[in-house]
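Student: I would like to learn how to read a structure feature by feature, beginning with a whole chain and ending with single residues. Could we work through one together?

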Amino acid sequence: MRFTKAGLAVTLTAGLALTGCASGSGSSTSQTSKNITLGNILAPATFEARNMNWGNQSVYAQAVYDGLLKPAPNGKDVQPSLATKWEYNTNKTVLTLTLRDGVVFSDGTPFTAEVAAQNLLRFRDGTSPQKSKVADLADAKAKDKTTLEITLKQANPAFLIYLAQAAGLQESPAAFGKADAQTNPVGSGPYTLNTSQTVVGTSYKFEKNPKYWDANSVKYDTLTVNVYTDATSELNALRGKQLDAAAVADNSILPQVEAAGFKSNGQNLNFAGLLLFDRAGKSNPALGNVKVRQAINYAVDAAALLKVVGLGRGEATGQVFRPESPAYEGTLNSTYKFDPDKARKLLADAGYASGLELTVPTAALFPKSLWPLLQQQLGDVGIKVKYVDTGTNTIADLQAQKYGLSYFTLQRDANDWQLISNMIAPNATWNTFKYQDPNVDALLATIRTGSEADSAAALKKLNEYVVDQAWFAPWYAPTNYFVTNAGTSVELNQGNVWPNLWNITPKA
Amino acid sequence: MLTFIGRRLLTGVALLAAITTFGFTLLYFGGGDIARKILGENADQQTVALKAQQLGLDRPVLVQYGDWISHAVRGDLGASWFSGQPVLDAIGSRLSVTLSLVTGAIILIAVISVVLGVLAATRRGWVDRIAQLLAIVGHAIPGFLFAVGLVLVFALTLGWFDPTGYVPFLDSPTGWAKTVTLPVIALALGGIASVTQQVRGSVIDALRNDYVRTLRSRGIPARRVVLKHVLRNAAGPALAVLAVYFVGLLGGAVIVEQVFAIPGLGQVAVQATTQGDIPLVMGLLVATGILVIIFNLLVDLAQGWLNPKVRLS
């Protein structure tokens, strides 16, 4: 019997055709200059504007919704969107926005200040993972059809950037509370979701919104976002030229991706290291001693961890603020230069000459190569590390104050107040033990309401203080990559892991 | 026959009840803080508590299970906690994808195994040795590795097929064939190895029977004896192995769909189980349970048709 390639294909096709059914959607696409297919590592948890997340899910939101404002690529400034002008009162607690007239949602409902007020209040009262960002929102009222007045409980230097992210998304009021609101978004954004061509959790197909108010800014007729939870399948899709651009979760695939002709566009968005939550020593008295926290910083060879765990992609750092921030001070990076002898001396001075034991949570979402190195390096100075596997419950366990410290990768937000609200302020999500320090409180008050110069000076002092008190043990800023093919350009967003959708364009 | 089918269906319902009770218990006690998992790392504790309340997670486990059962028997499997998509929609949109892979694999296994098994049993010699070698190789290579190898060679190097994704048949038959061929082959490998061995053994056994000698002595051609009489008797054990393999294929689809990024039940099962998406996992348990029950029933009926002695028993 002779087998040929064509014969084999025909035989298999004929056999398998018997079982063919129509459902789902294709992720294999034929590329033209008017269509783009992107790869993502996460699916949206919901398309309901009031509950939407950001980060890796921002691409879905920006496809179907407009924000009141747009984030600038530097991640901290904002640009006009549905709001064309905005102004604070003198104590920065009342924000008045002038809204664009003539905008309609994809269902034909007009966008007005009343709609914007409803969206904001719904976001505040919903269950968005971003909800804490509008904790200062007291009220939102329409003064007239195009004027929105937002009242804050207290000044919030990050509020404008929040309005350019999830909190500012505008959904048609006709869709509020609809049974399919989570899977069938109705916005005024550049695209509409084609629900019949979408497989929830796997592939999302968007089509150009014919009613979009800024039609010239939309560069593609269709946008497809495919989700790859497995690095191997994402690599295969990239090597098979099935994607035009993609966010990469696992940097180990980059050499092969680059060999396939993709450009790696990187930015050092996060920091990786230990978060020393329990600064009061509630879970472990040793962690309440600043000398112990400093010893932990001295004991770890961050450069080695960057090389082994971070695969050399990133830069060593000793602080949580970004280099572009007024808080940043280059010399702070060497405050705790790797020095095991100094670590041992600090432990002895703190009363732990004979050593101490720390319980550290581990999980599949953390890099496996880290654990033996960390155990060895801390063990060398007399800190015995006991690992506890948290399974899939890591975040909940950390937030429930079960661990006084943990390895983690946290975003270094471009907007400093956003960063502070996430990891330093007394009520910050990642200040899990809600530790409060009067020195920090005083500096935060100045940063919150002070002039630009006063705020910048206070930021610098805050950073120095946090480093001195060893609230964290930052090791390195890993590089996040967004890869693009030869026909696609991108301008990264310094405030988010995903670029703004409108900054992904066909190469001229 | 109707009594037989009715009894099998009743057993199936009891089996489904046992599977869902066991599944719910495992998910409930192993799921961790679901509300936190849904909202992610940046949500504050108050929002997490509010979400848990919205989902009814603050109620006792028995109340939650009772609620699920009372809705499920009315055909309401709820909505995914992580995407908001109705569970029936999530399963419906993916069922045909997985079924096309599994059915394709079953057909491939059946055809290749019967041809190879019969040839090995009747010709012996080098044909038999090749069949034995293929069986060993088929068992030895892990499905995941084989799938990756297929992608590397036939999709990325030769470019004959798509490395990832799925195109519905009605959208493009060619595109569909390019997306399902490699996953089907990857799924079928282990089954071909096992069923070929089973067919070979059964045919060899059948060939030793007196009735075969009698048929041959009457001058009936060997090919006719094998195809009409021997194969019919040997099909029973092979069908039994195939039925077992059907369940295995549903499991194998989990890995294959991950490697090929195919939006089938396996892929969503991995995601939903990892996340602790109880409504979706429970829906998947019900769907796969029903599939397995139906397939086993069909195999029993086929065996009865092939062999009247089975029907009588």
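Tutor: Let us begin with chain B of this predicted model, which has 13 helices and 0 strands.

Student: In what order do the elements of chain B follow one another along the sequence?

Tutor: A pattern of elements is read along the sequence, and for chain B the pattern is α-α-α-α-α-α-α-α-α-α-α-α-α. In space, the C-alpha atoms of chain B fill a box of roughly 85 × 55 × 35 Å along the principal axes.

Student: How many of the residues of chain B count as buried, and what share of the contacts links residues 24 or more positions apart?

Tutor: Of its 313 residues, 49% count as buried. Among the contacts in chain B with a separation of 6 or more, residues 24 or more positions apart account for 72%. The accessible surface of the chain comes to about 14,700 Å², and carbon and sulfur atoms hold 67% of that area.

Student: Which residues of chain B form a nonpolar patch on the surface?

Tutor: The patch is formed by B:Leu133, B:Val137, B:Ile141, B:Phe144, B:Leu145 and B:Ile255, which together have about 510 Å² of accessible area. Two elements of chain B, α6 (125-140) and α7 (143-157), give two or more residues each to this patch. B:Ile141 lies in the loop between α6 and α7 of chain B, and its relative accessible area of 30% is why it is classed as partly exposed.

Student: Turning to chain A, is strand β17 largely enclosed or largely open?

Tutor: One counts the buried residues of the strand, buried meaning under 20% relative accessible area. In β17 of chain A (residues 356-362), 5 of the 7 residues are buried, so the strand is largely enclosed by the rest of the structure. Strand β17(A) runs parallel to β18 of chain A (residues 383-389), to which 7 bridges join it, and within this pairing A:Pro361 stands opposite A:Val388. Between the two strands the chain passes through helix α10 (residues 370-380) of chain A, making a β-α-β crossover that is right-handed.

Student: Where is A:Val381 placed, and is it buried or exposed?

Tutor: A:Val381 sits in the loop between α10 and β18 of chain A, and it counts as buried because its relative accessibility is 7%. Leaving aside residues up to four places away in sequence, A:Val381 touches A:Ala299, A:Pro340, A:Ala343, A:Arg344 and A:Leu347. Sequence and space can also be set side by side: A:Val381 and A:Arg448 are 67 residues apart in sequence and 40 Å apart in space, C-alpha to C-alpha.

Methods
Residues numbered from 1 in each chain as written. Chains lettered and ligands numbered in written order. Predicted model: local features only at pLDDT ≥ 70, side-chain atom pairs only at ≥ 80, totals over all residues. Heavy atoms only, no water. Buried < 20%, exposed > 50% of the residue type's maximum accessible area, 1.4 Å probe, protein only. Helix = DSSP H or I, 4+ residues; strand = E, 2+ residues; numbered from the N terminus. Pairing = 2+ DSSP bridges. Right-handed = clockwise from strand over helix to strand, strands pointing away. Contact = heavy atoms within 4.5 Å. Patch = residues over 30% accessible without salt bridge, like charges linked within 9 Å, V, L, I, M, F, W, Y side chains within 5 Å. Areas by Shrake-Rupley, 256 points an atom, 1.4 Å probe, with all protein chains shown as cover. Salt bridge = Lys/Arg side-chain N within 4 Å of Asp/Glu carboxyl O.
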